[in-house]
Amino acid sequence: MTNPASAATAPVAPNPSLFSNSGTLAGRLTDAFLAVRGETERRAGPLSPEDQMVQSMPDASPTKWHRAHTTWFWEQFLLGQHNPGYVPFHPDYAFLFNSYYVSAGPRYVRAQRGHITRPGAEEVTAYRRHVDAAVVKFFHDAGDKMLARLAPLVEAGLNHEQQHQELMLTDILHAFAQNPISPAYDGSWRFPTPNAGVGGWITLNQGIHTIGHQSDSFHFDNEKPAHRALVGPVKLARNLVTNANWLAFMDDGGYRTATLWLMDGFAAATNEEWEAPGYWHKTGDGWQVMTLAGLRPIDRDAPVCHVSYYEADAFARWSGKHLPTEMEWEVAARAGQLDDAFGLVWQWTRSSYSPYPGYCAIEGALGEYNGKFMVNQFVLRGSSLATPEGHSRITYRNFFYPHHRWQFTGLRLADYGA
Ligand SMILES: [Fe+2]
């Protein structure tokens, strides 16, 4: 997404590379780098220094921290390791802005990132400008041989920053949702329009399919090795579950019917007093939802959003259906059978986030990127309205814990009936 204020259409098409096909390698790396770095700042643009330092829960990070952490990533993994003589901008920033890389040294406690009042937002801007200039100079001085070797690292850094761009929106939405006056991140923002389509069910091509990333174009290590999997017989819903569908579940007592829920899920729903998706508020005028544009009436035709895996699973059971596996989702998406696969909401699958057969984390600190999280989480497929343009792939594996619902998460159903 390049402009959330005008994000009225979907979907975002999968794009295998952030680099253009023309110009020198240094020029292509510079263009892609500056475009992605600029998008981070554009997303932070509507936010005041006070907005930028709020951490509304341990899972969400302050905007200022996202801006600084993505900058540290370039210092730590590109400049620090491949640009001899580079001196870090500030000796304390590696401790403050390392996220979870044990191999990269000690780091500040994650749940207290909102305590970091200094450096201020303007100092983080100066930090970003310093590192931007150093990286661009490095691209132009390094020579094609070294750049060719480092291009995959650069592309990983760009994709890393794009992941944080999505988190910047989900995290500030959570922060604003705690504010009684329901601030708007962007008053002109609108939920992307889903594909009206023909609806109904699509029948998957039953058989043994190759799952996972099959080329050398950019991918995260968790998308490989490509491997074979038996898929079907199964039908998948062409469309996403809508708010109208969800209201029917609520009206039928879905949140109060224990037999529809996993035990952990019903405990979460009870303890957290869930009676509707995240950010929904019951008002005298009916249900409203906190959005990037502030509080808005529920759009019955829009995909349901901000539901946890537990809720998605309960809804599927209430519907007499199931959640698809990630393999089924991938086969259907590859065949072009799914409407709104990308650009609206991430779609929960019932596949646990586990390594593909033969998976090995990559060597070095970046091996901590994905592999160490492969337990107790579930895979989501597709992409959301907050996913940056050029960041989506059919083989992309997003993952969150089953109680999480501050991301832009929804679902589509699977049917294993005759
Ligand atoms: Fe990160």
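This is a short selection-by-selection tour of a predicted model.

**Stop 1: the two domains**

Start by colouring residues 25-177 as domain 1 and residues 201-415 as domain 2. Their C-alpha centres sit 28 Å apart. Where they meet, domain 1 puts in 20 residues and domain 2 puts in 15 residues. On the domain 1 side, pick out α6, which gives the most to that surface, with eleven residues. If you colour that side of domain 1 by residue class, you'll get ten nonpolar, six polar and four charged residues.

**Stop 2: helix α5**

Now select residues 121-141, which make up helix α5. Try the ruler on its end C-alpha atoms: they are 30 Å apart, and that agrees with the 30 Å you should get from 21 residues at 1.5 Å a residue.

Which residues of α5 are buried? Show Val124, Tyr127, Arg128, Val131, Val135, Phe138 and Phe139 as sticks. Turn the view until you look down the axis of α5: these buried residues fall within an arc of 100°, so they line one face of the helix. The spacing fits a general rule: an α-helix has 3.6 residues a turn, so residues three or four places apart point the same way.

Flip to the face turned away from the buried side, and you'll find the exposed residues Glu122, Ala133 and Asp141. To see what covers the buried residues of α5, bring up α1 (25-44), α3 (63-82), α4 (93-97) and α6 (144-177), which are among the elements that do so. Just past α5, click on Gly143, which has a positive phi near 90°.

**Stop 3: two cis peptide bonds**

As background, most residues other than glycine have a negative phi, and most peptide bonds are trans. Here are some places to check against that.

Select Arg118 and Pro119: the peptide bond joining them is cis, with omega about 5°. Pro119 belongs to the loop between α4 and α5. Then go to Gly232 and Pro233, also joined by a cis peptide bond, with omega about 5°. Pro233 is in the loop that links β3 (227-231) to β4 (235-237).

**Stop 4: the annotated stretch**

Select residues 200-339 next. An unreviewed UniProt entry annotates this range as "domain: Sulfatase-modifying factor enzyme-like". The chain there is 27% helix and 21% strand, and its end C-alpha atoms are 11 Å apart.

Inside it, zoom in on Ile202 in strand β1 (residues 201-203). Is Ile202 buried, exposed or partly exposed? It has 17 other C-beta atoms within 10 Å, so Ile202 is partly exposed. Beyond its neighbours within four places in sequence, Ile202 contacts Lys235, Leu236, Arg238, Ala332 and Gln337. Ala332 is 130 residues away from Ile202 in sequence, yet their C-alpha atoms are 8.3 Å apart.

**Stop 5: positive phi without glycine**

His306 isn't a glycine, but its phi is positive, about 65°. Look for His306 in the loop between β7 (294-297) and α9 (309-319). His306 counts as buried because it has 25 C-beta neighbours inside 10 Å.

Asp340 is another residue other than glycine with a positive phi, near 55°. Asp340 is in the loop from α10 (326-334) to β8 (346-352), and its 22 C-beta neighbours inside 10 Å make it count as buried.

**Last stop: Gly417**

Finish in the segment after β12 (414-415), where Gly417 is found. Gly417 has 10 C-beta neighbours inside 10 Å, so it counts as exposed. Add Gly320 to the selection: 97 residues separate it from Gly417 along the chain, and their C-alpha atoms are 9.6 Å apart.

How values were computed: Residues are numbered from 1 along each chain as its sequence is written. This is a predicted model: local features need pLDDT of at least 70, side-chain atom pairs count only at pLDDT 80 or more; totals for chains, interfaces and linings use all residues. UniProt positions are given in the numbering used here, feature names are shortened, and annotations may be inferred rather than shown by experiment. Helices (H or I, at least four residues) and strands (E, at least two) are DSSP runs, numbered from the N terminus. The expected span of a helix is 1.5 Å times one less than its number of residues. A residue is buried if 20 or more other C-beta atoms lie within 10 Å of its own, exposed if 12 or fewer, and partly exposed in between; C-beta atoms are placed from the backbone. The arc is that of the directions from the helix axis to the C-beta atoms. Two residues are in contact if their C-beta atoms, placed from the backbone, lie within 7 Å. Domain bounds come from an automatic or database domain assignment. Ala, Val, Leu, Ile, Met, Phe, Trp, Tyr, Cys and Pro count as nonpolar, Asp, Glu, Lys and Arg as charged, and the others, Gly among them, as polar.
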